Amino acid sequence: MNMLQLSASMSSKRTITTNKHYMTIVFGMWLIAGVFIDGFAHNHGAVETFFTPWHAILYSGFLASAVWMAWLLYQSKQTSGGTWVQAAPTGYGLGLIGVAVFLLGGLGDMGWHIIFSIEQNVDALLSPTHLMLLIGALLILSSPFRAGWSNRAMTAPSWREFAPPFLSVVITAGAVSFFLMYAWMFRYNLPAAPVIDWYWNRYYDENIAQNNEVRGLTYLLLNTLVFMYPVFLLMKRWRIPFGTITLLFALLTALMSVLDGFSNYPSIIIACAAGLVGDLIYRWLQPDEGRIWAYRVVAIAVPTALWSFYYAWMQLSDGIGWSTELWSGSIIEAALASLGLSLLAISKSKE
C-alpha cells in the first residue's frame, strides 16, 4: 500500500456517520440554548453570581459536547490507530481544540466573576473570558459543518444528510449573532416613528437624531452580512435543498428573539418571508457553475426582500420615522453590500 492509499484509508476510518453528527448537533443545541438563556438572564438583571441555573444549562451543554467529542476521538483512535492527533474524526480536530479553549474560558470566567463581579449589558459581551468562551463554542459548534464540507461525495444532499452541516451553520451563526446583540436591528427598530419621537423629545438635538440614523444604518448593514454570509457559504459548497434559506433566517431570528422574551416575534415572520423569497428564486434560477450570475440575483433579492418586508411591517404598525431617501436607500445599500460579499464568497472558483 503506497502513501496515498494509506492516507485515504486512514481518512475513511476517521469519517463518522451521519447519526453521530446528529448527536453532535443535539449537544450543540443544548450548549447554544444555555448561551441564549444566560443572555436573557443578563439582559433582565437576573444574574447575581456565577452559580446560576442558566450557567448550569450552558456548562452542562458544554460538558455533554466535550464528553461526546472525546468519545468520538476514542472510537476513531481504536479504529484507525495512529496518534491521537491523527485519530481526530474528520472535521472535529478544531472542535476538540475548542473543548480545551472553552474549558479554560469557563474556569477563567468563574475567577473573573469572583474578582470583578457580574458584568451587565455590553460589558458582558466584551469580557475577555466570555470572548474565549465564544472562540471555543465556535470551534465546537462548527464541527459537523467542517465534516460535511470535507465529504466530497455530498454535492446535492437530501435533508437527512444535509441537516447536520446546516444546523451546525445555524447554531454557529447564532453564537456570532449573540455577541452582536447590541447591533441587532430588530431589537431596537431605530427607524420606527415612536423611537424617533422618543429621541427627539428627550434630547431635542439634531446631532443625536443623525447619530441615531447612522447607528440604525450600521445595524442594518451588519445584520445583512450576518444573514447572507451563511447563505453564500452553503450555496458555494452544495446544491442546497428547498427551504434552506427560509429555515436559516427563521431559526437565527428565533434564537435572537429569545433575548427579549420573543417580544419582537414579528421579526421571525419577516425573516421567514424573506428566506422563502430566496428559496423560490434559488429553485427557479438553479445557480450552478455555469450560471454564476444566478448567485448574484439571490444576493440582491434576499436582503431587498428582508428589509422591504421590515419597513412594510413598520409602516403598518408604528410608522416609519426616517425620510424616504434614508429608508429606501438603506434597502439598496444592503443589497449592494450583499452583492459585494457574494463576489468574494462565490467567485471564479465556481465558474
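In this predicted model, the side chains of aspartate 260 and arginine 187 meet in a salt bridge, with an N to O distance of 2.7 Å. Side chains of opposite charge can pair when their charged atoms come close. The structure holds 1 salt bridge. Aspartate 260 sits in the loop between H13 and H14, while arginine 187 belongs to helix H10, residues 185-188, so the pair ties together parts that are 73 residues apart in sequence. Aspartate 260 has a relative accessibility of 21% and therefore counts as partly exposed; the cut-off for buried is under 20%.

Helix H13 covers residues 244-258. Its 15 residues reach 21 Å from the first C-alpha to the last, close to the 21 Å expected at 1.5 Å a residue. Of the 15 residues of H13, 11 are buried, so the helix is largely enclosed by the rest of the structure. The buried residues of H13 include Ile245, Leu248, Phe249, Leu252, Leu255 and Met256. Polar side-chain names appear in the list as well, among them Thr244, Thr246, Thr253 and Ser257.

Serine 257 gives a view of the surroundings of this helix. Serine 257 is placed in helix H13 and counts as buried because its relative accessibility is 4%. Leaving out residues up to four places away in sequence, serine 257 touches Phe262, Asn264, Ser267 and Ile268.

One of the buried residues of H13, Phe249, also leads to the aromatic side chains. Phe249 belongs to a cluster linked by ring pairs, together with Trp184, Phe186, Phe227, Trp307, Tyr310, Tyr311, Trp313, Trp322 and Trp327. A pair of aromatic rings is described by the distance of the centres and the angle of the planes. The count of aromatic pairs comes to 25. In one of them, tyrosine 310 and tryptophan 313 are 6.0 Å apart centre to centre with 40° between the planes, a tilted arrangement. Both residues are in helix H15, residues 292-317, and because they are 3 residues apart there, about one helical turn separates them. An α-helix has 3.6 residues a turn, so residues three or four places apart point the same way. Tyrosine 310 is buried, with a relative accessible area of 0%, whereas tryptophan 313 is partly exposed at 26%.

Tryptophan 313 can be followed outwards from helix H15. With residues up to four places away in sequence not counted, tryptophan 313 touches Asn189, Pro266 and Ile270. The C-alpha atoms of tryptophan 313 and isoleucine 270 are separated by 8.1 Å, and the two residues are 43 residues apart along the chain. Asparagine 189 lies in the loop between H10 and helix H11, residues 193-203. Asparagine 189 is not a glycine, yet has a positive phi of about 45°. At 12% relative accessibility, asparagine 189 counts as buried.

A further aromatic pair joins phenylalanine 178 and phenylalanine 179. Both of these residues are buried. Their ring centres are 5.4 Å apart and the planes stand at 65°, so the pair is edge-to-face; the class requires an angle over 60 degrees.

The loop between H14 and H15 offers a second case of positive phi. Glutamine 286 lies in this loop and has a positive phi of about 50° although it is not a glycine. Glutamine 286 is partly exposed, with a relative accessible area of 44%. Glycine 290 is found in the loop between helix H14, residues 266-285, and H15. Its relative accessibility is 66%, so glycine 290 counts as exposed. From glycine 290 to glycine 61 the C-alpha to C-alpha distance is 43 Å, with their positions 229 residues apart in sequence.

Helix H3, residues 53-80, contains serine 65. Serine 65 is buried, with a relative accessible area of 3%. Apart from neighbours within four places in sequence, serine 65 is in contact with Phe27, Gly28, Leu31 and Ile140. Tyrosine 74 is also placed in helix H3, but counts as partly exposed at 38% relative accessibility. Tyrosine 74 joins Trp71 and Trp84 in making a nonpolar surface patch of about 350 Å².

Conventions: Residues are numbered from 1 along each chain as its sequence is written. This is a predicted model: local features need pLDDT of at least 70, side-chain atom pairs count only at pLDDT 80 or more; totals for chains, interfaces and linings use all residues. Side-chain values use heavy atoms; hydrogens and water are left out. Helices (H or I, at least four residues) and strands (E, at least two) are DSSP runs, numbered from the N terminus. Buried means under 20% relative accessible area, exposed over 50%, partly exposed in between (1.4 Å probe, protein chains only). Contact means heavy atoms within 4.5 Å. Patches are made of residues with over 30% relative accessible area and no salt bridge: like charges are joined within 9 Å, nonpolar side chains (Val, Leu, Ile, Met, Phe, Trp, Tyr) within 5 Å. Accessible areas come from the Shrake-Rupley method with a 1.4 Å probe; for residues, only the protein chains shown count as cover. A salt bridge is a side-chain nitrogen of Lys or Arg within 4 Å of a carboxyl oxygen of Asp or Glu. The expected span of a helix is 1.5 Å times one less than its number of residues. Rings of Phe, Tyr and Trp (its six-membered ring) pair if their centres lie within 6.5 Å; planes under 30 degrees apart count as stacked, over 60 as edge-to-face and the rest as tilted.
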